[in-house]
2 protein chains.
Amino acid sequence: MEITIKDIAADAKVSVSTVSRVMNGSKAVSDELRHRVMRSIEKYHYIPNAEARSLVTKNTHLVAVLEADLRNPITAIHLKQISDVCMKHNKVVIACDYDFDNKKALVLMDRMLERNIDGLIFQGVHLTDEILKKLHEFPCPVVLGNQGLSGDDCEFTTVTVDSYGVARDITEFLVGDGHRRIAYVGGNAEDYTNGQLRLKGYRDAMKAAGLEIPDSYIYQGNFSTEAGVEGMKKIYENSRDLPTAVITGSDIIAIGVIRYLKSLNIRVPEDISVFGVDDSVSDIFDPPLSTVRMFQQGEMFYEALFGEHADEKKIIHFPYQLVRRNSTRKLWQ
Amino acid sequence: MEITIKDIAADAKVSVSTVSRVMNGSKAVSDELRHRVMRSIEKYHYIPNAEARSLVTKNTHLVAVLEADLRNPITAIHLKQISDVCMKHNKVVIACDYDFDNKKALVLMDRMLERNIDGLIFQGVHLTDEILKKLHEFPCPVVLGNQGLSGDDCEFTTVTVDSYGVARDITEFLVGDGHRRIAYVGGNAEDYTNGQLRLKGYRDAMKAAGLEIPDSYIYQGNFSTEAGVEGMKKIYENSRDLPTAVITGSDIIAIGVIRYLKSLNIRVPEDISVFGVDDSVSDIFDPPLSTVRMFQQGEMFYEALFGEHADEKKIIHFPYQLVRRNSTRKLWQ
DNA sequence: GTGAAAGCGCTAACAT
DNA sequence: ATGTTAGCGCTTTCAC
């Protein structure tokens, strides 16, 4: 039988409320009793029961993170960071993988609803009305990651990449390196944040630089290596002039792009430069990817959930920084 | 105010126990009442409170997974699989990252102890006495992953790679491909399962094939890309004859080995073949790694925790299979 | 400063 | 078959 607060109270010859006060660090306990209680607690290795506690406090210290795919390197990075901050705040992360399947996500959410979680982070790839509706059922703070909503109504706070800024900055970076024919292999066209905003950033920057974009230079698929391969293939086959640089939606896509190029014996970065986003595979992939590194992802999610202004719904962007590695080169050198 | 079992009972004009029976699918309820209850449940979107429930059933449906590093690709694979099986069994996974820091792991375990989890999976990299002691405090099933204990005493069931078999099979595979100078870049020497057993498998297979192993052909570091680089460097610098093939402890190490080789313009697999383990980066890395693929990891962990014979402590190995890709080649072709 | 007691939402005897 | 009731282990008024 596990030992309970009663046992401690009995052993320390105090009431259970006193034990409770000691555990919760309430001031109103004499040193005398506090010590007796502490001794009993240590003596029995007493550990309070979290369920019983949360039953009355309505506070489970549980944060649920729903991911489309835990194996995605950037997902793993987020999860680790979120887990870290939560740890610091005495919370614990429930990690769920819905495998890109919204039906599964719905089931998972019901499961989370039972658990009275303190907060929910939903990393969506396709925010349907059904998903949104379910999200609204949560009595706790809910934060969206990855994909934001399109409107300005901001039903939920969203913590994500500054897609527009990132695409614009990458484009400017490549233009600065002397590139003029720059193609784009990005995420889903229906995805507002990662698709449309990204494309706009690229388009605007190209326009600002006075550069044309042939139709064949734009490919929108999903966030996978296969999509990268497919995208580069399409661009290769349909373009009169090959681009000298390719912007991608993520490192994973960039890898696909590079793979296709390699299969054609086109060298990266000598012949074509490829730029990633996420800095998620820097220690694995060769050549080291020029990419965009994000910062403080864990903290930003946590703040969005539980911070002072968590009630104001808004869009929050990770701080980011372009990092030059060896998948891009300067044309004028 | 959240709605509770009482509200449902009141609305359906039955007792709370009837509501409870309906929810738990107990047969002993008339269709009449069952329907009334169901209707009320749907009407109010009632969701039972998991904490209250587990307070009495002593069953949280929570499985904790403690990982050294969530970002490791093989870790992510395991986590996803475990999450999947648990899902199927109506359980939920708490994912924790202790960042290779046993002190952190200890703190995490205390946290889990509070929560009355149903089961614990500890993916250890260095099983100290302190860790083991804490593990013994859990009243629930505990399963070790990754690193097993050295003795046959089997304090805890361990679910892991068949290190000996894998190393032996890889060696035989390479010998079969005509390699005779085969080097080894593996995990920590102190690590029984992943270090010693692995090395033995390699040694035994080499001996069986009548092949010598120069001292310089063996490097034992940790499971990182850096260790792979360092290991290959050492082998390169200290060997009279370069090996024609290198066995590694994991894909991550293999990547390091290949990186070093590349930096010297030594081609893989033309000049040197490199064999990985885990099949964790197949969709990311070029060249595609010849490696060892594991199966049913999630199921095996789950079985070990909650299966019929979960009480018998033992070592369980994942089924595995060597997969030939393009980081190795046949010498006699 | 300390203790008694109510109650969090649920399940599981135990009655009926 | 259904209802009554006693807890599960804890926190939190409310007295003293």
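## Close-ups of a predicted protein–DNA model

**Figure 1. Where the protein meets DNA strand C.** Of the atoms of DNA strand C that come within 4 Å of the protein, 69% are sugar or phosphate atoms, and the rest belong to bases. Keep in mind that this whole model is predicted. Around DNA strand C sit 29 residues, and those that come nearest are A:Thr18, A:Arg21, A:Ser30, B:Ile5 and B:Tyr46. Sort the surface near this strand by class and you get 14 nonpolar, ten polar and five charged residues.

**Figure 2. Zooming in on chain B and DNA strand C.** Start with B:Asn24, where a polar side-chain atom lies 3.3 Å from a phosphate oxygen of DNA strand C. B:Asn49 uses its backbone instead: an N or O atom there lies 2.9 Å from a phosphate oxygen of the strand. What part of DNA strand C does a polar backbone atom of B:Ala52 sit 3.3 Å from? It's a base nitrogen. As for the elements giving two or more residues to this surface, chain A offers H2 and H4, while chain B offers helix H1 (5-12), H2 and H4. H4(B) gives the most, with five residues.

**Figure 3. Over to DNA strand D.** Here 30 residues surround the strand, and A:Ile5, A:Tyr46, B:Ser17, B:Arg21 and B:Ser30 come nearest. Sugar and phosphate make up 63% of the atoms of DNA strand D within 4 Å of the protein. Which helix supplies the largest share of the surface near DNA strand D? That would be H4(A), with five residues. Helices that each supply at least two residues are H1 (5-12), H2 (16-23) and H4 (50-57) of chain A, plus H2 (16-23) and H4 (50-57) of chain B. By class, the surface near DNA strand D has 15 nonpolar, ten polar and five charged residues.

**Figure 4. Three contacts to DNA strand D, up close.** Look for A:Asn49, where a polar backbone atom is 2.8 Å from a phosphate oxygen of DNA strand D. On chain B, an N or O atom in the side chain of B:Thr18 is 2.7 Å from a phosphate oxygen of the strand. B:Ser17 goes for a base: a polar atom of its side chain lies 2.9 Å from a base oxygen of DNA strand D.

**Figure 5. Chain B meets chain A.** In this view, 53 residues of chain B are in contact with 53 residues of chain A. About 4,700 Å² of area is buried between the two chains, with carbon and sulfur atoms giving 57% of it. B:Glu51, B:Lys80 and B:Ile284 supply 15% of the area that chain B buries against chain A, more than any other three residues.

**Figure 6. Charged and polar pairs between the chains.** How many salt bridges cross the interface of chain B and chain A? There are eight, and one to look for joins the side chains of B:Asp97 and A:Lys80, at 3.2 Å from N to O. The interface also has 20 residue pairs in polar contact. On the side of chain B that touches chain A, H5(B) gives the largest share, eight residues. The residues on that side split into 27 nonpolar, nine polar and 17 charged.

**Figure 7. A tucked-in helix.** Helix H12 of chain A covers residues 297-306, and because seven of its ten residues are buried, it's largely enclosed by the rest of the structure. To find the buried ones, look for A:Gln297, A:Gly298, A:Met300, A:Phe301, A:Tyr302, A:Ala304 and A:Leu305.

Terms used
Residues numbered from 1 in each chain as written. Chains lettered and ligands numbered in written order. Predicted model: local features only at pLDDT ≥ 70, side-chain atom pairs only at ≥ 80, totals over all residues. Heavy atoms only, no water. Buried < 20%, exposed > 50% of the residue type's maximum accessible area, 1.4 Å probe, protein only. Helix = DSSP H or I, 4+ residues; strand = E, 2+ residues; numbered from the N terminus. Near = heavy atom within 4 Å. Polar contact = N/O pair within 3.5 Å; in protein donor to acceptor, adjacent residues only side chain to side chain. Nonpolar A, V, L, I, M, F, W, Y, C, P; charged D, E, K, R; others polar. Contact = heavy atoms within 4.5 Å. Buried area = accessible area lost by both parts, 1.4 Å probe. Salt bridge = Lys/Arg side-chain N within 4 Å of Asp/Glu carboxyl O.
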